[in-house]
Amino acid sequence: AAQTPAAMASRQAPLCGLAPCCLWLLGVVLLMNASARPANHSSARERAGNREENEILPPDHLNGVKLEMDGHLNKDFHQEVFLGKDMDDFEEDAEPRKSRRKLMVIFSKVDLNTDRRISAKEMQKWIMQKTAEHFQEAVAESRAHFRAVDPDGDGHSWDEYKVKFLATKGHNEREVAEKIKNKWDLNIDEETQEVLENLKDRWYQADNPPPDLLLTESEFLSFLHPEHSRGMLQFMVKEIIRDLDQDGDKKLSLSEFISLPVGTVENQQGQDVDDSWVRDRKREFEELIDANHDGIVTMAELEDYMDPMNEFSALNEAKQMIAIADENQNHYLEPEEVLKYSEFFTGSKLVDYARSVHEEF
């Protein structure tokens, strides 16, 4: 299991090991300070470092889904549904001219009728296509993991999964398997036990009737990626509403949705983050989630919003994406607008957009 800073400090390290230890402690302090601020968005680059370690866990982040599992907004959503698998081609240190060219190639693919402008319908179709790409990636990753832990294909049991999970937390895999087999106490901490209970609830939900606690390959996909299973999507929506609902009515008001996480504003920078949290979530609530604009979000509305294959939601998203960059307000996206707002579409700012549009076309 990961050691706390206090435990690390208490160890008597040789003199030559003090520098690395101090650096490690400094890193922990910095991480703790950063996590004290509200994390309205999560970034793909921020998540990359933890992916391998936590691959046995259902991911908090789901590509092409507007909300994270913890209810935070997905910072990379617009890039995910506009770039799809090409996201890595637009890293911050990529050569701008090459990135502009790639962006214009994507523009031409979205522009189905080749009139050099993108309509909401064209963007909707593109979003659905990129979402399908993300789903195929999820299927491939889930299949590889499932077959690694269940080579004979007879089903992945809850006990097998529990052994693998606890092994990632530093427990001895063989010892845990023996304890489970003999129904002995696993002797795990309270936090890990709570995570296990939540995972077991999710495992039960993914286990189609008649329940046997053995997940097939398709059920295991639903466990890891609930966004592509109707029953599991509903379960995910209930979990998010449960976490944000303050008055217990199983609905979300605007004030509940924009409420800040527990914490205090310590400086102006922190205040700016808090203001950004409220502004972004208020816009999302009013413009996209609250479909009938009555000031209340029901489970059905949140489910429609979260469903990556919902064509109506994809059309609304397409209209919003166009509106953000539509400077001449003609309800279409043109090459100059896409290049000028490249940071919104690609996550990278591509300079000299006006001149480059003539170079690329």
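These legends walk through several close-up views of a predicted model of one protein.

**View 1. The whole protein, as a starting point.**
Before zooming in, here is the overall picture: the protein has 18 helices and six strands. The protein counts 361 residues, of which 41% are buried. About 20,500 Å² of the protein is exposed, and carbon and sulfur atoms supply 52% of that area. If you look at contacts between residues at least 6 apart in sequence, 61% of them join residues at least 24 apart.

**View 2. Helix H6 meets helix H15.**
Start with helix H6, residues 120-149, and helix H15, residues 311-325. Their axes come within 8 Å and cross at roughly 120 degrees. H6 and H15 are therefore oblique to each other, and their crossing is right-handed. On the H6 side, the contact is made by Ala120, Lys121, Met123, Gln124, Ile127 and Met128. H15 brings Glu311, Ala314, Leu315, Glu317, Ala318, Lys319, Met321 and Ile322 to the contact. Sorted by class, nine of the residues in this contact are nonpolar, one is polar and four are charged.

**View 3. Helix H6 again, now with helix H10.**
Follow H6 to its meeting with helix H10, residues 217-224. Here the axes come within 9 Å and cross at roughly 115 degrees. The crossing of H6 and H10 is right-handed. H6 takes part through Phe135, Ala138, Val139, Ser142, Arg143, His145, Phe146 and Arg147. From H10 come Glu217, Phe220, Leu221 and Leu224. By class, this contact has seven nonpolar, two polar and three charged residues.

**View 4. His78 and its partners from elsewhere in the chain.**
His78 sits in helix H4, which covers residues 77-83. Is His78 buried or exposed? With a relative accessible area of 15%, His78 is buried, because buried means under 20%. Setting aside neighbours within four places in sequence, His78 is in contact with Glu317, Gln320, Met321, Phe344 and Phe345. Two of these names may look familiar: Glu317 and Met321 also belong to the H15 side of the contact with H6. Another residue to find in this view is Val65, which is 13 residues from His78 in sequence, with 9.8 Å between their C-alpha atoms.

**View 5. Thr346 in helix H17.**
Now look at Thr346, which lies in helix H17, residues 342-346. Thr346 is buried, at a relative accessible area of 4%. Which residues does Thr346 touch, not counting those up to four places away in sequence? They are Gln79, Leu83, Phe90 and Leu103. Gln79 and Leu83 fall within the residue range of helix H4, 77-83. Glu80 is 266 residues from Thr346 in sequence, yet their C-alpha atoms are 8.6 Å apart in space.

**View 6. Thr192 in helix H9.**
Thr192 is found in helix H9, residues 190-206. Its relative accessible area is 9%, so Thr192 is buried. Apart from neighbours within four places in sequence, the contacts of Thr192 are Phe165 and Leu166.

**View 7. Gly231 and Ala206.**
Gly231 belongs to helix H11. Its relative accessibility is 39%, so Gly231 counts as partly exposed. Gly231 and Ala206 are 25 residues apart along the chain, and 7.9 Å separates their C-alpha atoms.

**View 8. A cis peptide bond between two prolines.**
Pro209 and Pro210 are joined by a cis peptide bond, with omega at about -10 degrees. To find it, look for Pro210 in the loop between H9 and strand E4, residues 214-215.

**View 9. Two lysines with positive phi.**
Lys183 is not a glycine, but it has a positive phi of about 60 degrees. Lys183 is in the loop between helix H8, residues 173-181, and H9. With 76% relative accessibility, Lys183 counts as exposed. Lys250 also has a positive phi, near 60 degrees, in a residue other than glycine. Look for Lys250 in the loop between helix H11, residues 230-244, and strand E5, residues 252-253. Lys250 is exposed as well, with a relative accessible area of 57%.

Technical notes
Residues numbered from 1 in each chain as written. Predicted model: local features only at pLDDT ≥ 70, side-chain atom pairs only at ≥ 80, totals over all residues. Heavy atoms only, no water. Helix = DSSP H or I, 4+ residues; strand = E, 2+ residues; numbered from the N terminus. Buried < 20%, exposed > 50% of the residue type's maximum accessible area, 1.4 Å probe, protein only. Contact = heavy atoms within 4.5 Å. Areas by Shrake-Rupley, 256 points an atom, 1.4 Å probe, with all protein chains shown as cover. Axes fitted to C-alpha atoms, helices over the stretch in contact; angles between N-to-C directions. Parallel < 35°, antiparallel > 145°, perpendicular 65-115°, else oblique. Left-handed = near helix turned anticlockwise from the far one by under 90°. Nonpolar A, V, L, I, M, F, W, Y, C, P; charged D, E, K, R; others polar.
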